[in-house]
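Subject: Handover of a structure and findings

Dear colleague,

Please find below the structure that I am handing over to you. I would be grateful if you could read the notes beneath it with the coordinates open.

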Amino acid sequence: MQFRARILGAAAGGGLPQWNCGCENCRLARAGEIPSQTQSSLAVSADGENWAILNASPDIRAQLAATHELHPTGLRDMPLRSVLLTNGDIDHVAGLLTLREMQPFTLFATSGIHEVLAENPIFSALNPSVVTRANVALEAPAEIVPGLTATLFAVPGKVPLYMEGETVETDLVGEQTVGVELKTDTETVFYIPGCALLNDALRQRLRGASLIFFDGTLWRDDEMVRAGLGQKTGKRMGHISMSGEDGSIAAFAGLEIGRKVFVHMNNTNPVLRPGSEERRAAENAGWIIGQDGMEVTA
């Protein structure tokens, strides 16, 4: 079996262009001068026939329509077997409401994330007699499709925006933000669309992996502040930036990872412009800039 991944959405929440944004990237995307991107989601398979989706973005209907591997094979026969959530962010769970048409699949998440969904009655639209909710404990492997196991592990992050209180901890380590270790019989792949920092434990875990999809939200920590689009830095939002001494490009240096792909990129990130200096810098450092529809194998 060979691991296959299809990037359904490469952008962070809001996508590219974001509906209410007039930044340079959004203007270029509306003009068709750079590719538009939908919100963060990844489809994975070990056999090319049975697929799992990692995070259900609000754009999931269009993403499924654009991905022939996920089209129905009969009247109600689907290659989609499961959905796995890495946190409770709106851009990772809102798409579940699109998957409510009495289609059987298994919904994998930590008990903490399942509790977040259970507290909002709208998610009961996923009929529990049809959609199986599977609690996954941290560090406990679970087979999400035939031949592919997923192990959830804590990464530094924060609670979803709608759960923030007066005091916000952005480097919490627990069930609220997780990474996914995906294993076939020959390959190890990681999916970490949200991460506040690369600590020593995480660096050791990722060392030598075949392939990693990693948080590429911002190029620089104060990117949105400089653009006049908000007052939050990347660190305040719970995301490590790509560049700088404490950025992800520097943190991954020397980890001997086969292929490195940035996903979950904010609409302001200059790497989304194919001709930008930042894009060249990331690619020269060995990174692939994810795009909607891109297929990646380990």
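The notes that follow cover the overall fold, the salt bridges, the cysteines, and the empty spaces.

Please keep in mind throughout that this is a predicted model.

Overall architecture

The chain contains nine helices and 14 strands. Its C-alpha trace spans about 50 × 40 × 40 Å along the principal axes. The radius of gyration is 18 Å, which agrees with the value near 19 Å that a compact globule of 298 residues would have. Of the 298 residues in the chain, 53% are buried.

One example from the strands is Ala-109, which is found in strand β5 (residues 105-109). Ala-109 has a relative accessible area of 0% and is therefore buried. Its C-alpha atom lies 8.0 Å from that of Arg-133, with the two positions 24 residues apart in sequence numbering.

Salt bridges

The whole structure holds 10 salt bridges. Three of them are described here.

Arg-4 pairs with Glu-295, with 2.7 Å between the closest N and O atoms. This pair links distant parts of the chain, since Arg-4 belongs to strand β1 (residues 4-9) and Glu-295 to strand β14 (residues 295-297), 291 residues apart. Glu-295 is partly exposed, at 36% relative accessibility.

Arg-273 forms a salt bridge with Glu-24, and here the closest N and O atoms are 3.9 Å apart. Again the pair links distant parts of the chain: Arg-273 sits in the loop between β12 (259-263) and α9 (277-284), whereas Glu-24 is in helix α1 (residues 24-30), 249 residues apart. The two partners fall into separate accessibility classes: Arg-273 is buried, with a relative accessible area of 18%, while Glu-24 counts as partly exposed at 41%. The cut-off that matters for Arg-273 is 20%, because buried means a relative accessible area under that value.

The third case is local. Glu-283 and Arg-279 meet through their side chains in a salt bridge of 3.0 Å, N to O. Both residues lie in helix α9, four residues apart, which is about one turn of the helix. Glu-283 is partly exposed at 40% relative accessibility, and Arg-279 is buried at 9%.

Salt bridges with shared partners also join Arg-4, Arg-6, Glu-69 and Glu-295 into one network. The Arg-4 and Glu-295 pair described above is thus part of a wider arrangement.

Cysteines

How many disulfides does the model contain? The count is zero. The case to inspect is Cys-23, whose sulfur has its closest cysteine sulfur in Cys-21, at 3.6 Å. That separation is too far for a bond, because a disulfide requires the two sulfur atoms to be within 2.5 Å. Cys-23 is buried, with a relative accessible area of 12%. Cys-195 is buried as well, at 0% relative accessibility.

Cavities and pockets

The search for enclosed space gives one cavity of 30 Å³ or more. About 30 Å³ of space lies in the largest cavity. Its lining consists of Pro-35, Gln-37, Leu-272, Arg-279, Ile-289, Gly-290 and Gln-291. By class, these are three nonpolar, three polar and one charged residues. Arg-279 therefore appears in two of the features reported here: it lines this cavity, and it is a partner of Glu-283 in the salt bridge within helix α9.

Among the open sites, the second largest pocket has a volume of about 460 Å³. It is lined by 16 residues, of which Leu-64, Met-78, Thr-98, Leu-99 and Glu-101 are the closest to its centre. Helix α2 (residues 60-65) gives the most to this lining, with three residues. The lining as a whole divides into nine nonpolar, three polar and four charged residues.

Points to view

When you open the model, you may wish to begin with these places:

- the network of Arg-4, Arg-6, Glu-69 and Glu-295;
- the sulfur atoms of Cys-23 and Cys-21, 3.6 Å apart;
- Arg-279 in helix α9, at the lining of the largest cavity;
- the second largest pocket, with Leu-64 and Met-78 among the residues closest to its centre.

With kind regards

Terms used
Residues numbered from 1 in each chain as written. Predicted model: local features only at pLDDT ≥ 70, side-chain atom pairs only at ≥ 80, totals over all residues. Heavy atoms only, no water. 1 Å grid on protein atoms, 1.4 Å probe; cavity = no way out; pocket = protein on both sides within 12 Å on 5 of 7 lines; lining within 4 Å. Points joined across faces, edges and corners; volume = space filled by probe spheres on them. Nonpolar A, V, L, I, M, F, W, Y, C, P; charged D, E, K, R; others polar. Salt bridge = Lys/Arg side-chain N within 4 Å of Asp/Glu carboxyl O. Buried < 20%, exposed > 50% of the residue type's maximum accessible area, 1.4 Å probe, protein only. Rg over C-alpha atoms; globule rule 2.2 N^0.38 Å.
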